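Visitor: Could you walk me through this one? I'd like to start with the overall layout and then get into the details.

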Amino acid sequence: MVGTETDAAAIAPLADERRRTVLRRLREYGMPMTLADLADEVVGSENDEPRPGRSCDEVARVAARLHHVDLPKLAEAGFLSYDLRTNVVRLSERGETFDREPISAVTP
C-alpha cells in the first residue's frame with residue numbers, strides 16, 4: 001500500500017533533484033555509464049553547459065557526491081546498481097520507471 005513508512009523510505013531518494021537527474025541520464029544513455037561520464041552529464045544538465053565549458057573541478061565535486069551519497073542511496077532503494085570496483089553504474093528495471101513512482105508519498 002502506498003503511503004506507508006516502508007513505501008516512503010523506499011522512494012525517498014527520489015525527493016532529490018540530482019538523483020532524478022542521474023536516473024534520467026542513465027535512461028537516456030541506454031547503457032551502463034562510468035562514474036566520471038555520469039558526473040559530467042549531471043553537471044551539464046544542472047548547469048545547462050555544453051561539454052567544453054564544464055569545469056573539471058565541478059565534475060570532480062559532483063562525482064565525489066555521487067560516489068559517497070547519491071549512488072549508494074539509489075542503489076539501496078533498487079533504482080540502480082553501482083559497482084565500486086569498476087565505478088560503473090547500471091540502471092535497474094525499477095530505475096527505468098522511476099518517474100512513475102508516487103513521489104507525493106515522500107513530500108509534505
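Guide: Helices and strands here are DSSP runs, with at least four residues for a helix and at least two for a strand, numbered from the N terminus. Read that way along the sequence, the protein follows the pattern α-α-β-α-α-β-β-α, and please keep in mind that this is a predicted model.

Visitor: How many helices and strands is that, and how much of the protein is buried?

Guide: The protein has five helices and three strands, and 34% of its 108 residues count as buried. Among the contacts with a separation of 6 or more, 56% are between residues 24 or more positions apart.

Visitor: OK, the strands. In what order do they sit in the sheet?

Guide: The order is β1-β3-β2, in an open sheet with antiparallel pairing. Because β1 and β2 stand at the edges with a single partner strand each, one side of each has no neighbour in the sheet.

Visitor: And how many bridges hold β2 and β3 in register?

Guide: β2 and β3 pair over four bridges, in the antiparallel sense, and tyrosine 82 stands opposite valine 89 of β3.

Visitor: Switching to helices: what happens at the two ends of α2?

Guide: At the N-terminal end, aspartate 16 acts as the cap, with a side-chain oxygen 3.1 Å from the backbone nitrogen of arginine 18. After the helix comes glycine 30, which has a positive phi near 80°. Between these, α2 covers residues 17-29 and reaches 18 Å from its first C-alpha to its last, close to the 18 Å expected.

Visitor: Which residues of α2 are buried, and what do they pack against?

Guide: The buried residues are Arg18, Arg19, Arg20, Thr21, Val22, Leu23 and Leu26, so named because each has under 20% relative accessible area. The buried residues of α2 pack against β1, α3, α4, β2 and β3.

Visitor: What about α4, does its length agree with expectation or disagree?

Guide: It agrees: the 21 residues of α4 should span 30 Å at 1.5 Å a residue, and the end C-alpha atoms are 28 Å apart. There is nevertheless a kink of about 50° in α4, centred on leucine 66. At the start of α4, a side-chain oxygen of serine 55 comes to within 3.2 Å of the backbone nitrogen of aspartate 57, and the helix is followed by glycine 78, whose phi is positive, near 85°.

Visitor: Which residues of α4 are buried?

Guide: Val59, Val62, Ala63, Leu66, Asp70, Leu71 and Leu74 are buried, and the buried residues of α4 pack against α2, α3, β2 and β3.

Visitor: There's an aspartate in that list. Why does aspartate 70 count as buried?

Guide: Aspartate 70 counts as buried because its relative accessibility is 0%. Leaving aside neighbours within four places in sequence, aspartate 70 is in contact with Asp16, Arg18, Arg19 and Arg65.

Visitor: Last topic, the nonpolar core. Which residues touch the most other members?

Guide: In the largest nonpolar core, which has 24 residues, those touching the most other members are Val22, Leu23, Leu26, Leu38, Leu66, Leu71 and Leu80. The elements giving two or more residues to this core are α2, α3, α4, β2 and β3, and α4 supplies the largest share, six residues.

Visitor: What does valine 22 touch?

Guide: Not counting residues up to four places away in sequence, valine 22 touches Leu38, Val42, Leu66, Leu71, Leu74 and Leu80.

Key:
Residues are numbered from 1 along each chain as its sequence is written. This is a predicted model: local features need pLDDT of at least 70, side-chain atom pairs count only at pLDDT 80 or more; totals for chains, interfaces and linings use all residues. Side-chain values use heavy atoms; hydrogens and water are left out. The expected span of a helix is 1.5 Å times one less than its number of residues. Buried means under 20% relative accessible area, exposed over 50%, partly exposed in between (1.4 Å probe, protein chains only). Contact means heavy atoms within 4.5 Å. A polar contact is a pair of N or O atoms within 3.5 Å; within protein, one must be able to donate a hydrogen and the other to accept it, and residues adjacent in sequence count only if both atoms are side-chain atoms. The bend at a residue is the angle between axes fitted to the seven residues ending there and the seven starting there. A nonpolar core is a set of buried Ala, Val, Leu, Ile, Met, Phe, Trp, Tyr and Cys residues joined through side-chain atoms within 4.5 Å. Two strands pair if DSSP finds at least two bridges between them.
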